[in-house]
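Work through the exercises below with the sequence and coordinates at hand. Each task is followed by a solution in steps.

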Amino acid sequence: MRRRDELIPITDVRCGDEELDLVAEVLRSGMLAQGRVVETFEALCREMTGAAHAVAVNSGTTALVVALEALELEPGDEVVTSPFTFVATLNAILEAGAVARFADVRDEDFNLDPARLDGVLGERTRAIMPVHLYGQAADMDPIVAAAEACDAAVVEDAAQAHGATYHGRRVGTWGLAGFSFYATKNLQSGEGGVVTTDDGELADRIRILRNQGMRARYEYLVPGHNYRLTDLAAAVAVPQFARLDDIVESRRAHAATYAEQLAGIDGLVLPEVMDGRGHVWHQYTVRVTDEARHARDDVVAGLQERGIGAGVYYPRAVYDYDCYRDHPGVRVGDGCPVAESLGSTVMSLPVHQHLTDADVAAVVAAVTELLG
Ligand SMILES: Cc1ncc(COP(=O)(O)O)c(C=O)c1O
């Protein structure tokens with residue numbers, strides 16, 4: 001989050017009077033746990049996605065865990081996902097007891113490459129979990145077709161993609177989807193998450209799993225969890241939904257300025273908006289390649305010296321850590337060369353809605369000074 005010495009932070013978490021008022025109202029009400037504000041939050045999530053059901057949970061990670069658990073996986077069942085993602089995607093698969101497999105990403109959009117699914121899908125595949133990385137939807141049509149062909153579910157990791165669209169369709173409606181409301185996301189409740197789906201039976205199962213496996217008090221139907229969201233956290237998020245369009249619009253405006261003013265710099269590859277996508281710019285992620293005047297890490301350091309909070313999301317393929325390398329639930333196969341190489345080239349620039357025009361100009365000036 002924000003470092004004291006950063007003039008232009010990569011994320012800037014601000015709560016307005018509406019959030020303060022609603023949080024105060026919850027505190028005064030004496031009902032701090034899951035209650036009516038969570039119901040409002042769920043209604044707003046249905047509205048945001050167009051999904052018939054939304055089940056609030058206490059993080060984006062637990063949203064993905066219960067989404068997978070609702071599929072009633074058997075030991076050895078496999079979930080195919082992106083190797084270039086935040087670790088929560090992989091941890092959720094392992095927590096749900098499944099085996100994680102990976103299809104490589106495309107470097108144009110950093111998302112699952114549908115052409116790479118073929119070699120990874122198999123008899124044990126129960127779900128494909130595309131990640132809508134940085135706020136841009138994965139290429140859903142071929143992914144859904146591949147899932148249908150092997151009778152697998154689609155579980156979207158929409159943690160970074162509130163309001164993103166794919167050929168006009170909002171993310172969160174292809175099967176099951178998990179969104180995060182972690183403090184730095186485009187919509188946030190400090191910690192929080194939601195599962196959206198059109199499937200009433202799955203939504204019902206998820207509600208039960210969220211609440212210690214019970215529908216009625218002390219009547220346990222399955223071993224469950226406490227994954228409940230609190231009204232206190234929901235109260236932070238609820239007022240923000242009305243501002244989502246403005247948040248996205250302002251992020252798009254900043255991205256458009258970068259696209260125009262950072263074009264043509266050697267070794268700086270700007271992010272692409274793929275055909276038919278409504279990108280919501282959770283991150284604005286460029287690639288600093290070998291042709292650049294400085295190595296990526298030096299550019300990040302140079303920006304930080306100038307008070308600009310550049311970040312690296314993510315430094316390695318998600319499986320490329322000792323704790324996963326020999327993990328029985330992680331099957332890497334021949335590896336994912338695109339994901340593995342992205343880790344050393346990606347760099348995210350501030351794109352959030354609180355940037356001023358002067359901030360964006362300062363980012364452009366600093367990047368140009370370092371690389372132009
Ligand atoms: C791609 C991705 N998946 C899952 C998560 C998990 O969300 P949370 O941090 O709310 O558990 C995050 C966010 O942190 C994320 O960026």
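**Exercise 1: His352**

The side chain of His352 reaches the backbone oxygen of Pro9 at 3.0 Å. The model is a predicted one.

Task: Place His352 in the chain and decide whether His352 is buried or exposed.

Solution.
- Step 1. Locate the residue: His352 sits in the loop between strand 14 (346–349) and helix 12 (357–371).
- Step 2. Take the relative accessibility, which is 4% for His352. Buried means under 20%, so His352 counts as buried.
- Step 3. List the contacts, leaving out residues up to four places away in sequence: Pro9, Ile10, Thr11, Asp12, Ser250, Arg251 and His254.

**Exercise 2: Gly172**

Task: Find where Gly172 lies and which residues it touches.

Solution.
- Step 1. Gly172 belongs to the loop between strand 7 (169–170) and strand 8 (176–180).
- Step 2. The relative accessibility of Gly172 is 0%, so Gly172 counts as buried.
- Step 3. Without neighbours within four places in sequence, the contacts of Gly172 are Thr49, Ala51, Glu156, Ala177, Phe179, Thr196 and Thr197.
- Step 4. For a distance to helix 6 (residues 200–210), take Leu209, one of the buried residues of that helix. Leu209 is 37 residues from Gly172 along the chain, and their C-alpha atoms are separated by 20 Å.

**Exercise 3: Helix 6**

Task: Name the buried residues of helix 6, state what covers them, and describe both ends of the helix.

Solution.
- Step 1. The buried residues are Leu202, Ala203, Ile206, Ile208, Leu209 and Arg210.
- Step 2. An α-helix has 3.6 residues a turn, so residues three or four places apart point the same way.
- Step 3. The cover over the buried residues includes helix 2 (36–49), strand 1 (53–57), helix 3 (60–69), strand 8 and strand 9 (193–197).
- Step 4. At the start of helix 6, a side-chain oxygen of Asp199 comes to within 3.0 Å of the backbone nitrogen of Glu201.
- Step 5. Just after the helix, Gln212 has a positive phi of about 60°.

**Exercise 4: The whole chain**

Task: Compare the radius of gyration with that of a compact globule, then describe the fold in numbers.

Solution.
- Step 1. For 372 residues a compact globule would have a radius of gyration near 21 Å; the protein has 20 Å, which agrees.
- Step 2. The secondary structure consists of 12 helices and 14 strands.
- Step 3. Of the 372 residues, 57% count as buried.
- Step 4. Among contacts between residues at least 6 apart in sequence, 71% join residues at least 24 apart.
- Step 5. The mean positions of the 32 positive and 57 negative charges are 4 Å apart.

Terms used:
Residues are numbered from 1 along each chain as its sequence is written. This is a predicted model: local features need pLDDT of at least 70, side-chain atom pairs count only at pLDDT 80 or more; totals for chains, interfaces and linings use all residues. Side-chain values use heavy atoms; hydrogens and water are left out. Helices (H or I, at least four residues) and strands (E, at least two) are DSSP runs, numbered from the N terminus. Buried means under 20% relative accessible area, exposed over 50%, partly exposed in between (1.4 Å probe, protein chains only). A polar contact is a pair of N or O atoms within 3.5 Å; within protein, one must be able to donate a hydrogen and the other to accept it, and residues adjacent in sequence count only if both atoms are side-chain atoms. Contact means heavy atoms within 4.5 Å. The radius of gyration is taken over C-alpha atoms; the globule rule is 2.2 Å times the number of residues to the power 0.38. Lys and Arg count as positive and Asp and Glu as negative; His and the chain ends are not counted. The place of a charge is taken as NZ of Lys, CZ of Arg, CG of Asp or CD of Glu.
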